[in-house]
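Reader: Could you walk me through one part of this model closely, and then carry on to whatever else deserves a look?

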Amino acid sequence: MARLRAGIVGAGIAGASCAGTLAAAGWEVDVFDKARGAGGRLSTRRLEQGWATMGSPFISAKRDPFRSQLRDWVRQGWLAPVRGDVLFGRANKSWARAQLQNHYTPLIEPSQIVRQLLGNARLHTESRVATIQPRTIILENGQTRGDYDCVICSVPVPQAVPLLVALPRLHERLGEVRYRPVWSFLMRWEGGPAADVIKFDDHLIDLAVRQPSGGDGLWAVHSSHEFAETYREASAMEASTRAASAVMGLLGLPWPVEVEASHLWRYAQPDTSIGGFWLGDRENRVALIGDGIAGVGVERAWESGMRLAQSLILAKDELADCPSVSD
Ligand SMILES: Cc1cc2nc3c(=O)[nH]c(=O)nc-3n(C[C@H](O)[C@H](O)[C@H](O)COP(=O)(O)OP(=O)(O)OC[C@H]3O[C@@H](n4cnc5c(N)ncnc54)[C@H](O)[C@@H]3O)c2cc1C
């Protein structure tokens with residue numbers, strides 16, 4: 001019997017968990033990503049010595065099955081619980097020291113964890129998808145890949161909208177989902193509080209996480225959504241200058257903060273989602289997964305991919321029509 005075939009757009013954690021689960025069940029799986037590698041919002045920036053995380057700094061699990069997946073990654077030495085000093089608050093008010101419960105930090109590049117989830121699926125990098133049609137993926141360079149038993153779109157919902165105009169049943173549901181942006185920076189400073197994570201009580205800056213490689217005093221700093229909305233159209237230089245001066249003020253630093261890299265995540269986190277684990281169009285054999293469908297965070301994204309794959313495997317070649325499955 002011919003192997004079932006899936007085409008997946010997006011090699012973030014949702015696309016990868018779906019791809020790997022299908023591939024492990026014997027499906028032939030192609031995954032297309034516009035980026036140079038897998039990872040999506042879990043991708044990292046390479047440094048001369050090591051790497052730094054500019055996307056999600058933590059992975060956390062509230063429940064099974066992701067909790068047991070995390071335990072497995074901890075056993076393999078890929079993740080460790082966040083242990084160091086965590087400060088909450090504001091320097092000129094008072095800092096509170098506390099632990100971050102159930103939060104894990106990667107010990108290897110998170111993009112490698114995502115890469116490993118892909119298993120035997122074929123990853124096509126630098127392959128931007130322009131259109132999805134029933135059973136068919138059309139790349140921006142004009143190539144058509146077709147005859148899939150199922151096409152799965154695993155990109156942030158606003159990026160899925162232009163891909164799905166040929167599929168009105170899915171397309172019309174997507175306007176409901178909004179994402180909020182975040183500016184991320186790699187900053188270096190001397191002094192400041194002795195901590196590994198600083199959670200600010202501030203309207204401009206949200207979080208700073210000390211980076212294990214890249215030498216002393218290197219931090220990934222995440223802006224608030226409000227800051228990123230204000231500076232969404234600003235140059236990287238302007239956003240960096242504003243954020244660095246906010247950090248200096250918040251930490252009372254005597255020396256300037258150096259900004260070594262910056263990135264605007266236009267679609268960092270959804271503030272609404274469709275609900276359920278996936279949104280499916282059975283007739284056309286297309287489904288959507290990811291955090292805009294299943295809810296914010298790595299855990300929900302991973303689970304949406306895995307649950308869709310399990311359902312496809314159980315149904316053999318029938319894509320369950322599942323606009324809103326509750327969990
Ligand atoms: C700054 C920041 C901090 C965060 N902090 C946390 C946190 O502390 N805890 C937490 O749980 N979550 C956090 N998140 C959210 C978390 O990272 C996401 O929920 C999760 O990674 C989403 O995975 P995904 O697979 O759904 O999407 P993505 O990771 O966005 O994957 C989508 C993929 O699709 C690709 N793509 C898009 N368009 C196309 C196209 N046309 N053709 C081909 N490929 C395409 C992209 O390149 C990308 O690789 C954070 C996110 C950001 C940005």
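What follows starts with a pair of helices and moves on to strands, loops and single residues. Which residues of H1 meet H9, and at what angle do the axes of the two helices cross?

Author: Happy to. Please keep in mind that this is a predicted model.

Let us begin with the helix pair. Helix H1 covers residues 13–24 and helix H9 covers residues 298–314. Their axes come within 7 Å of each other and cross at roughly 30°. Since angles under 35 degrees count as roughly parallel, H1 is therefore roughly parallel to H9. The crossing of these two helices is right-handed. On the H1 side, the residues that take part are Ile13, Ala14, Ser17, Cys18, Thr21 and Leu22. They meet a set in H9 that includes Val298, Ala301, Trp302, Gly305, Leu308 and Ile313. Sorted by character, the residues of this contact are twelve nonpolar and five polar, with no charged ones.

Now to the strands. One open sheet has six of them, in the order E10-E2-E1-E14-E21-E20, and its pairing is mixed. Its edges are strand E10 (122–124) and strand E20 (279–281), each of which pairs on one side only. From one strand to the next, the twist averages 15°. At the E10 end, strand E2 (residues 28–32) runs parallel to E10, and three bridges join the two. If you would like a residue to click on, try Asp30, whose bridge partner in E10 is Arg122.

Strand E7 (residues 86–89) is worth a stop too. With strand E8 (residues 95–98), E7 is antiparallel, joined by four bridges. With strand E16 (residues 197–200), E7 pairs in the parallel sense, again over four bridges. Gly89 shows both pairings: Gly89 stands opposite Trp95 in E8 and opposite Phe200 in E16. As background, strands of a sheet pair through backbone hydrogen bonds, either parallel or antiparallel.

The loops bring some backbone details. Most residues other than glycine have a negative phi, and most peptide bonds are trans. Against that background, look at Asp147, which is not a glycine and yet has a positive phi of about 65°. Asp147 sits in the loop between strand E13 (144–145) and strand E14 (150–153). Its relative accessibility is 57%, so Asp147 counts as exposed. Arg285 also has a positive phi, near 60°, without being a glycine. Its place is the loop between E20 and strand E21 (286–288). At 14% relative accessibility, Arg285 counts as buried. For the peptide bond, go to the step from Asp64 to Pro65, which is cis with omega near 5°. Pro65 belongs to the loop between strand E5 (59–60) and helix H2 (66–75).

Finally, a visit to Val259, in strand E19 (residues 258–270). Val259 is partly exposed, with a relative accessible area of 30%. Setting aside neighbours within four places in sequence, Val259 is in contact with Phe185, Leu186, Met187, Ser240 and Ala244. Thr241 is 18 residues from Val259 in sequence, and their C-alpha atoms are 8.1 Å apart in space.

Definitions and conventions:
Residues numbered from 1 in each chain as written. Predicted model: local features only at pLDDT ≥ 70, side-chain atom pairs only at ≥ 80, totals over all residues. Heavy atoms only, no water. Axes fitted to C-alpha atoms, helices over the stretch in contact; angles between N-to-C directions. Parallel < 35°, antiparallel > 145°, perpendicular 65-115°, else oblique. Left-handed = near helix turned anticlockwise from the far one by under 90°. Contact = heavy atoms within 4.5 Å. Nonpolar A, V, L, I, M, F, W, Y, C, P; charged D, E, K, R; others polar. Buried < 20%, exposed > 50% of the residue type's maximum accessible area, 1.4 Å probe, protein only. Pairing = 2+ DSSP bridges.
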